[in-house]
Amino acid sequence: MVAPTVGVVAFLTVYPFVTVFSNSLFEYDYIAGTRTFVALDNYRSIVSDPQFVRSVVNTTLFVALSTSSQTIAGLVLALLYYERFRGRRIATTITAFPMMLSTMVVSAAWRTLFHFDIGPLNVILQRIGLGRVGWLINPDIALLSIVVVDLWQWTPFVFIMLQAALRTIPREYLEAARIDGNGTIGVVSRIVVPLLGPHLLTVALLRTIDTFRLFAKVYALTGGGPGNATETISYYIYREAYRYFNLGRAGAASVLAFGVIALVAAVYIPRLLKEHP
Amino acid sequence: MRLHRIHPGIDQASIRRHPARLLRAAAIAVLLILTLLPLYWIVVTSLKTAREVILPIPTFFPRTVTVENYRAVLDAGVLRNFANSLITAGLSTVISIVLGFTGAYALTRYRFPLRFNTLFLVWVLVVKILPPMVLSVPLYELFSSAGLLNRLSGLALVYQVYTLPYALWILVGFLKGVPKELEEAAQIDGAGPGATLVRIILPLSAGGVTATAIFSAIMAWDEFLFALLFLRRPSMLTLPLRIANYITEYETEWGRLMAIGVLSSIPLLLLTNFTYKRLSEGFTASLK
């Protein structure tokens, strides 16, 4: 009974895996149809390619900034929603909306919000005397703008997870900490963060996995530009494979990406197996 | 009502007593506005005329409310894209449930040699974690030689890369909780293995099946990468691709762009409460 499932998984993953590894060892031009064994030349050539290095730097920055900002913002939201208040249910539902939109809709909306000439953000900034910002066209800012979009879309996810985690902390702990003379910041840093530790790590890992594959937002918002200021590893592979048809170099970049994600998996999978034996 | 007496809302007296509460209310209000403004922008832009959209200073309230954008995108065949998305999401969900359910059942009921059960589930997780771009090149060649490009069925099949790992993990969790004695009792009553599975096990794991169905549908609805690589024929495009094409082809056809955005968001927004509950229930349920 397990055969069809294993079959599909093998078809979709095992063969592609082997092929990616073997492609990475060949000079492989899909259009010309030539395939010559070059051992590790593709690896050598991409690690000395400034565009690849830039894509690694961009991806690292994006993962670090997005994951940390979303985790912090999600925690703040969960704390703000901790006590009951009138309208909490409806406010929670509204807060969850952004993550229910599809990524392309989110990207389309922000692309117009960020528009240099007639986007509302720049018009407001100019109104209050700050001048326009090249959200998606200034190479120093474009990646940060994508971080903002991801923050808007995915903070709700972190919020919901941490809200659930927060409910597992007995209320008395927080009250006791307050009676001991802690302010809000003291309670959060001495009680909440240590007790939520494992949950915070799980959420951060999930966001790391998701932000590491960043592609669709870049495609829709900047196309990797300006220059290659927002090109991620996924985008680099896309360009090598589907624009230049250089499957050897795309394969080598894929294997390196897999190496990075294997490190994440080494942390994440044992945790999951322990929670869910 | 009783709750309000114990935890009074934000009335004047309690504000004076609790400045912290006022601060919290203000923070929540600001965050709600930040959440809602882009959503408002999407809806309001979709209701503006083409001329109003490109005014040098955007209007907060549309001067003329029009449904012309909706009519235009419907005339341009967006319903076709909507149907394509629906078919792909439906098909990939069915495949995931059938394969996920039978696979999870076998993995929880039989111990295969060489620790196959654990190894398989771990492998599936590695796939789940992997950026899909990494496997896309060989998958493209594979699907191309199998004649599965430009087909929604091919797309539904490749989406199993995302949805099947998820389905397997959720359903393994659920099926572990179904006692073996029930199956044994059914077998003694003369039910075959197929009947046992469908009549006894399936109803008992209904929660897991629903969760799997909704999450695979959401993933398929949102998917962009494989749709971009596998679909070339215009009549086959899914909604995310149609939106991407609008973005790249027409710089400022924002009214129409947002009209497609609104149409494609409605099915997902209806699922907000379900998703919220499901994510609240636990961390292992949220591989996404």
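The contact between the two chains draws in 96 residues of chain B and 92 residues of chain A, where contact means heavy atoms within 4.5 Å. This is a predicted model, so to speak with its own filters: local features need pLDDT of at least 70, side-chain atom pairs need 80 or more, and totals for chains, interfaces and linings use all residues. Residues are numbered from 1 along each chain, chains are lettered from A in the order written, and side-chain values use heavy atoms, leaving out hydrogens and water.

Chain B and chain A bury about 8,700 Å² between them, 79% of it on carbon and sulfur atoms; that is accessible area (1.4 Å probe) lost on being put together, summed over both parts. On the side of chain B that touches chain A, helix α3 (residues 19–46) gives the most, with twelve residues. Helices here are DSSP runs (H or I, at least four residues), numbered from the N terminus.

Now for the empty space. The largest cavity holds about 610 Å³, as filled by probe spheres set on the grid points, which are joined across faces, edges and corners. A cavity is a set of points on a 1 Å grid over the protein atoms alone where a 1.4 Å probe fits but cannot get out, and lining residues have an atom within 4 Å of a point. Among the 31 lining residues, A:T103, A:D210, A:R213, B:Y162 and B:D222 are closest to the centre. Helix α9(A) gives the most to this lining, with five residues.

Here is how the two surfaces divide, with Ala, Val, Leu, Ile, Met, Phe, Trp, Tyr, Cys and Pro as nonpolar, Asp, Glu, Lys and Arg as charged, and the others, including Gly, as polar:

| Residue set | Nonpolar | Polar | Charged |
|---|---|---|---|
| Side of chain B that touches chain A | 70 residues | 19 residues | seven residues |
| Lining of the largest cavity | 18 residues | four residues | nine residues |

Definitions and conventions:
On a 1 Å grid over the protein atoms alone, a cavity is a set of points where a 1.4 Å probe fits but cannot get out, and a pocket is an open set with protein on both sides within 12 Å along at least five of seven lines; lining residues have an atom within 4 Å of a point. Helices (H or I, at least four residues) and strands (E, at least two) are DSSP runs, numbered from the N terminus. Buried area is the accessible area (1.4 Å probe) that two parts lose on being put together, summed over both.
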